[in-house]
Amino acid sequence: MKLWTLLRLAALPLAADPGLDFYEAKVRPLLAGKCYGCHSGKLASPMGGIRLDGAAGLRTVVKAGAPEASRLVQAVRYQTVGMPPGGRLKDEEVAVLEKWVAMGAPAPEGGAAKAEGSTAAAWAAHWAWQPLRPGTGGIDGMIGAKLREAGLGPAGRAEHRTLIRRLSYDLTGLPPEGKDYGLSYARAVDKYLASPRFGERWARHWMDVARYADTGFLSRAMLLSFGYRDWLIEAFNRDVPYDRFVALQLSADQMEGARKEDHAALGFLSLGLNPNRAVDLPDVVDDKIDLVSRGLLGLTISCARCHDHKFDPIPTKDYYGMYGIFANTRYGQEPVRTGPLPPFYEKRAAERKRIREEYIRERLEVLRAEFRDLKEVRRYLEALWDGRRLPVARIENLAREKNLNSLVALRWAGRIAEDPLFAEWRAASSTPVERYLERLAKPPDAAWRGLLYGPAAPPEVPVEDFPSIMTEGDANTTRDLQWQYEQVLNDAVYRGAKGALLGAVDLAVIQPAYVFNRGNQNDRGEAVGRCFPSILEAGKCFGNGSGRLELARAITNEGNPIAARVMVNRVWQKLFGEGLARTPSDFGMRGDRPTHPELLDALAAEFMRDGWSVKRLIQRMVLSETYRQSSADRPEARGKDPENKLLWRMPRRRLDFEALRDGMLAVAGKLDGRIGGQPVSIVAVPADGRRTLYSLIERERPLALLKTFDVADPEQHSPQRYQTTVPQQGLFLLNSPFVGEMARALAGRAGSISELYQLVFGREPTAGEARQAAAFWADGRPAAVASTGPWRYGTGRLDFGAGRVREFAPFRFYSERAWQNASAGLDPVTGVARLTATGGAPGDDLAAAAVRRFVAPESGELDVTGRLVHSIGAFGLRFHLSNGIRGWVVSDRQGVLGTWRVELPPAPADGISYKGNPGVDTPVRGVRVAEGETIDFVVDSVGDYEADNFQWAPVVKIGAREWDARKEFAGPPAPRLNGQEQLAQVLLLTNEFAFLD
């Protein structure tokens, strides 16, 4: 039996250089903002003779692949000279440079593109920006014509079973049901396009484009993230026209006739970078520009952030024309309300919002008072007198140099420029600062007093501008308070409430945009309008709010065919393995030209004529003979076209990770067919049967399993999956508890070797395969299960009146070293209840309390030692996020053996300096217990589960023996596979299962 496992896969080449994308998106802007001021070619004498604005200069301070040995990394870590000299970079900025150096320090060589790419004529003639020039003859006619030109012909049609399997995976991401093999090909196409699984499959493809993630900054949960994923599923299933699909994702809040539910589409913009400081806004906006330009337009506009694009006709001014659109939008801070939440959550959300608003008001008054202090006023006035000849755009740079707040400096500069009280200042030839300070110290009238205390006084910063003046501590506190508010909303939706969706809205007052010289937000250049890229439509600018709706309409304007080309190419790529243009997010001068430009244009034209129907586009492609070709190799054809660019056969394709895992769930009969809902863990034991697209996606610390199998990096827009073949993939599959569990379930479904092969491959075994499998199939003995010891983990209803724990139910999943009832997120019934080796979280109330159960292995006198600690942290204590917790020790025969309450300590004098988490010892002494008696260690939330994490790992003694809850904590034991199960595992790991022919 020739079974080739995934360990034998051939390595596949990468299709692009993500390192250069990382450099342009992350590294160059960082260097421009922090380093170019002293180390660029624009300076006559760069400091130390070091230039960091080009590959040649970078090579003098970087050792590719070795961050520890690189002078640049050593300097920003302050291990050597300490750069920048004005203060350390943020940890995440240092991490960017470390990651870049570890990647090999990729950077484009200096100079603009040469030859055809450098001329305006070549730019103007570039294929991507031309009107459509469709060919004739349909897909097969145009593919066939290219083949004939090369002296080639197409392959014959694949066998029916192969086609049905190919079609099922491509359209639904799942293997066909057994009865599907009896369908005609056309009927199968219709079935799979109409299947609700279609939306799940194609939503996952779009999530790569949209850089979808469930967590963001500091790995905190995004607000209502999965509402966007669920909207995508519905949109693809409803076949929302692509032009409307784009418009909803950019501007659902501004579209007449959009349903409230469609506001979830704005997750396209909101589920990106999400730090909350004003100084981070350029990076947040760059994330949106990169997403929209590469994802929808096939343009690398972000490369023009610091300088004109080196290869494409995209000036820096075009970048900041887009910047003005997205800088005037607020992302994901407030949900769109579609109805009321349960009263508990409405009350809690309002309380959390009130606390945040009160904190901001209190801190705002403190900062205003500091700005009114005459010592501070002196600093601002002296700086502005020294910089009196600077244009307004340079005031922010001046403020940074003088360590002043730029917003307050601009407010003073505005008063100085216009207020009649400053007429003397404007006419003075020598400094008038002292005279002005004297008048401000003793205002002669209300007008002078108004300079410090009036509603428009420079120190009287309005509340909406608080982010521009807040301290680092304020930024952290307001961020954490916002997270507490969002957590309440998330909890409500996780439990099934339907009253809130993620959204985005325009700023109340639209702000002008400026070119940032060399990408430095503190060095403003000329003002720019909110405009469309000039290469696509010169002079197309937007004036309605932020301009997002006008941008969406411009993107899918039928006179601008690039959006249709980009989407058609993406769909072709998913069905044929490679796009007609093999750089799907770069249609510029560096990108690959289409192998069949007339076909791409013909499909784009038909796409628009069909009302932008994605399903109709897919139907047209899969009904073609080109798609239905065999994947059989032909040496003579491979000699002429080794990369199969002309499609002389159907490429053999490996299943992506989602389809591989989902396929195993399906054939094992373990697939949970529910659509939508909160994210799940795909490493939980036993396996969560939800489809892999519902996996929890963490932006800053993606699951190692997903990275191992080349799932898209959620940090940025991903044009395509770059498949690799590494030993870790095969080793994981051979040793995976998930694969073992699927093998056991699959063997349990199959009544014979024949049925096993039908389930996995949709075919009968050959005589040789059946003969080799017989010995395995004869071994169907059940495997022995290891003992779990005396500890059990679950939830129960604490009836403290009767002194009993009722309805104990073991937790369902073991995930991330914790027992819980939801593989990730919250269980609708038991909520946050979970147990770890050292503690956990209580359930919502006494009906679902967390229970660590000890079953006495012998009779004797029982002693318990331990300490129950409320792990609330200083932040939770400061803002009273909890009303405390209770611990109980309860015997099923003797009732309550002990109970303790842990309450919050009184506030310290300064309201901040709490000394550690509160706790209480939990001793139980000299209790006679019988063998088999259960001792339950119960923690409940006192009716309010928020911020109630705890530590409690008791030690139990009976006579001379001791059991330690922390040391003996364990997940479920994994039974060994018997022969039938081993055979099932081998079949699941074959190339026949993992590849589409």
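**Exercise 1. Two cysteines**

Determine from the relative accessibility of Cys306 whether this residue counts as buried or exposed.

*Solution.* Step 1: the relative accessibility of Cys306 in this predicted model is 11%. Step 2: the limit for a buried residue is under 20% relative accessible area. Step 3: Cys306 therefore counts as buried. Step 4: the same limit can be applied to Cys303, whose relative accessibility of 12% makes it buried as well. Step 5: Cys306 takes part in no disulfide, since the nearest cysteine sulfur, that of Cys303, lies 9.9 Å away, whereas a disulfide requires sulfur atoms within 2.5 Å.

**Exercise 2. The disulfide**

State how many disulfides the structure holds, and characterise the geometry and surroundings of the pair Cys531 and Cys541.

*Solution.* Step 1: the count of disulfides is one. Step 2: it joins Cys531 and Cys541, with a sulfur-sulfur separation of 1.9 Å. Step 3: the torsion about the S-S bond is about 90°, and the disulfide is therefore right-handed. Step 4: Cys531 and Cys541 are ten residues apart, each in the loop between strand S6 (524-528) and helix H23 (548-555). Step 5: the accessibilities of the two partners are then classified. Cys531 has a relative accessible area of 16% and is therefore buried. Cys541, with a relative accessible area of 44%, is partly exposed.

**Exercise 3. Overall dimensions**

Find how many helices and strands the protein has, and judge its radius of gyration against the globule rule.

*Solution.* Step 1: the secondary structure consists of 36 helices and 25 strands. Step 2: the radius of gyration is 32 Å, while the globule rule gives 30 Å for 997 residues. Step 3: these two values are close, so the protein is as compact as a globular protein of that length. Step 4: the extent of the C-alpha trace along the principal axes is about 105 × 90 × 60 Å.

**Exercise 4. Burial, contacts and charge**

Describe the interior, the surface and the charge distribution of the protein by means of its buried share, its contacts, its exposed area and its mean charge positions.

*Solution.* Step 1: of the 997 residues, 55% are buried. Step 2: among contacts with a separation of 6 or more, 71% join residues 24 or more positions apart. Step 3: the exposed area is about 41500 Å², and 52% of it comes from carbon and sulfur atoms. Step 4: the protein carries 132 positive and 124 negative charges, whose mean positions are 2 Å apart.

**Exercise 5. Two strand residues**

Locate Val902 and Gln820 in the secondary structure, and list what each of them touches beyond four places in sequence.

*Solution.* Step 1: Val902 belongs to strand S18, which covers residues 895-902. Step 2: its relative accessibility is 2%, and Val902 therefore counts as buried. Step 3: leaving aside residues up to four places away in sequence, Val902 touches Leu868, His870, Gly884, Ile885, Pro918, Gly919 and Val920. Step 4: Leu250 is 652 residues from Val902 along the chain, and the C-alpha atoms of the two are separated by 48 Å.

Step 5: Gln820 belongs to strand S11, residues 818-820. Step 6: a relative accessibility of 10% places Gln820 among the buried residues. Step 7: under the sequence restriction of up to four places, the residues that Gln820 touches are Phe811, Arg812, Phe813, Ser815, Ala833 and Arg834.

**Exercise 6. Backbone torsions**

Identify the conformation of the peptide bond from Val685 to Pro686, and report the sign of phi for Arg211 and Ala947.

*Solution.* Step 1: omega from Val685 to Pro686 is near -5°, and the peptide bond is cis. Step 2: Pro686 sits in the loop between helix H28 (657-667) and helix H29 (704-708).

Step 3: phi of Arg211 is near 45°, a positive value in a residue other than glycine. Step 4: Arg211 is in the loop that runs between helix H9 (196-209) and helix H10 (226-238). Step 5: the relative accessible area of Arg211 is 1%, so this residue is buried.

Step 6: Ala947, which is not a glycine, also has a positive phi, of about 60°. Step 7: the loop holding Ala947 lies between strand S21 (934-940) and strand S22 (950-951). Step 8: with a relative accessibility of 25%, Ala947 counts as partly exposed.

Definitions and conventions. Residues numbered from 1 in each chain as written. Predicted model: local features only at pLDDT ≥ 70, side-chain atom pairs only at ≥ 80, totals over all residues. Heavy atoms only, no water. Helix = DSSP H or I, 4+ residues; strand = E, 2+ residues; numbered from the N terminus. Rg over C-alpha atoms; globule rule 2.2 N^0.38 Å. Buried < 20%, exposed > 50% of the residue type's maximum accessible area, 1.4 Å probe, protein only. Contact = heavy atoms within 4.5 Å. Areas by Shrake-Rupley, 256 points an atom, 1.4 Å probe, with all protein chains shown as cover. Lys, Arg positive; Asp, Glu negative; His and termini not counted. Charge placed at Lys NZ, Arg CZ, Asp CG, Glu CD.
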